[in-house]
Amino acid sequence: AREASFTQAVPSPGLAQPSLSFPSVPNSPVLPAPPPPLRVVLVDDSAVNRAVLQRLLRLILVGYDVRAFERAMEALAELTGSCSSSSCGGGGGGVGRRTVVLTDVQMPEMSGMELAVALRQSFTPAELPIIGVTADSSAALRLECQQAGMQAVLPKPVMRDAL
């Protein structure tokens, strides 16, 4: 393969005229498209906690898709692709791209642990990591979360370094 280059003289008063040579970039094969950005599905019944976590995630994961839900049932519908209303973030999400769930553990109607159990019926931990968030940092609760299908549990308040 032949490599082309060009030379550019840089004028310098009173000094010898050095020349700079830069090789040209040979034709390279087209690189595959990068994987789609990570999507974080955030579930917390507290509007304040949800807003704080959503802002923190958007600061850390610039350009990533962060979707927040007040209810675990909405997130479940979004993740399983059975959502059709705008309250579920636009409908029909599924996990066709890299997705991580960050869920409050203790919520009314459906808890984070119940959400994890329901999601494990459709997705393996490798397909859909689930991380619990709770103010209760007891070993017993951590074990319950693990048994429900969560990979990790973060204590509240969630610190930037923990994410």
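## Close-up views of a predicted model

From the N terminus on, the elements of the protein run β-β-β-α-β-α-β-α-β-α-β. The model shown in these views is predicted. It contains 4 helices and 7 strands. Of the 163 residues, 34% count as buried. Among the contacts with a separation of 6 or more, 55% come from residues 24 or more positions apart.

**View 1. The open sheet has 5 strands with parallel pairing.** The strand order is 4-3-5-6-7. Strand 4 (65–69) and strand 7 (152–155) are the edge strands, and each of them pairs on one side only. On average, and with direction ignored, neighbouring strands of the sheet are turned by 20 degrees against each other.

**View 2. Strand 3 (residues 39–43) pairs with strand 5 (residues 99–104) in the parallel sense.** The pairing of strand 3 with strand 5 extends over 5 bridges. Within it, R39 stands opposite T99 of strand 5. Further along strand 3, L42 stands opposite L102, also a residue of strand 5. Strand 3 and strand 4 likewise run parallel and are joined by 5 bridges. Here the bridge partner of V41 is R67 in strand 4.

**View 3. Strand 3 is mostly covered.** In this strand, 5 of the 5 residues are buried. R39, V41 and V43 point one way from the strand, whereas V40 and L42 point the other way. Residues on both sides are buried, R39 and L42 included.

**View 4. A right-handed β-α-β unit is made by strand 3, helix 1 (residues 47–60) and strand 4.** Q54 is a residue of helix 1. Its relative accessibility is 19%, so Q54 counts as buried, the cut-off being under 20%. Leaving out residues up to four places away in sequence, Q54 touches L42, V66 and A68. One of these, L42, is itself a buried residue of strand 3.

**View 5. Helix 2 (residues 72–80) lies across strand 3, strand 4 and strand 5.** The helix runs at about 155 degrees to strand 3. Helix 2 is also among the elements that cover the buried residues of helix 3.

**View 6. Helix 3 (residues 112–120) packs with helix 4 (residues 139–148).** The angle between the two helices is about 25 degrees, and their axes are 8 Å apart. Because angles under 35 degrees count as roughly parallel, helix 3 is roughly parallel to helix 4. On the side of helix 3, the contact involves M113, A116, V117 and R120. These residues meet L141, E144, C145 and A148 of helix 4. Sorted by class, the contact has 6 nonpolar and 2 charged residues, and no polar ones. An α-helix has 3.6 residues a turn, so residues three or four places apart point the same way.

**View 7. Helix 3 has buried residues that several other elements cover.** The buried residues of helix 3 are G112, M113, L115, A116, A118 and L119. Two of them, M113 and A116, also take part in the contact with helix 4. The cover includes strand 3, strand 5 and strand 6 (130–134). Helix 2 and helix 4 belong to this cover as well.

**View 8. Q121 sits in the loop between helix 3 and strand 6.** The relative accessible area of Q121 is 68%, so this residue is exposed, the cut-off being over 50%. Q121 and G149 are 28 residues apart in sequence. In space, the distance between the two is 9.9 Å, C-alpha to C-alpha.

**View 9. A152 lies in strand 7, an edge strand of the sheet.** With a relative accessibility of 33%, A152 counts as partly exposed. Not counting residues up to four places away in sequence, A152 touches I130, I131 and G132. A152 and R142 are 10 residues apart in sequence and, from C-alpha to C-alpha, 8.0 Å apart in space.

Notes. Residues numbered from 1 in each chain as written. Predicted model: local features only at pLDDT ≥ 70, side-chain atom pairs only at ≥ 80, totals over all residues. Heavy atoms only, no water. Pairing = 2+ DSSP bridges. Axes fitted to C-alpha atoms, helices over the stretch in contact; angles between N-to-C directions. Contact = heavy atoms within 4.5 Å. Parallel < 35°, antiparallel > 145°, perpendicular 65-115°, else oblique. Nonpolar A, V, L, I, M, F, W, Y, C, P; charged D, E, K, R; others polar. Buried < 20%, exposed > 50% of the residue type's maximum accessible area, 1.4 Å probe, protein only. Right-handed = clockwise from strand over helix to strand, strands pointing away.
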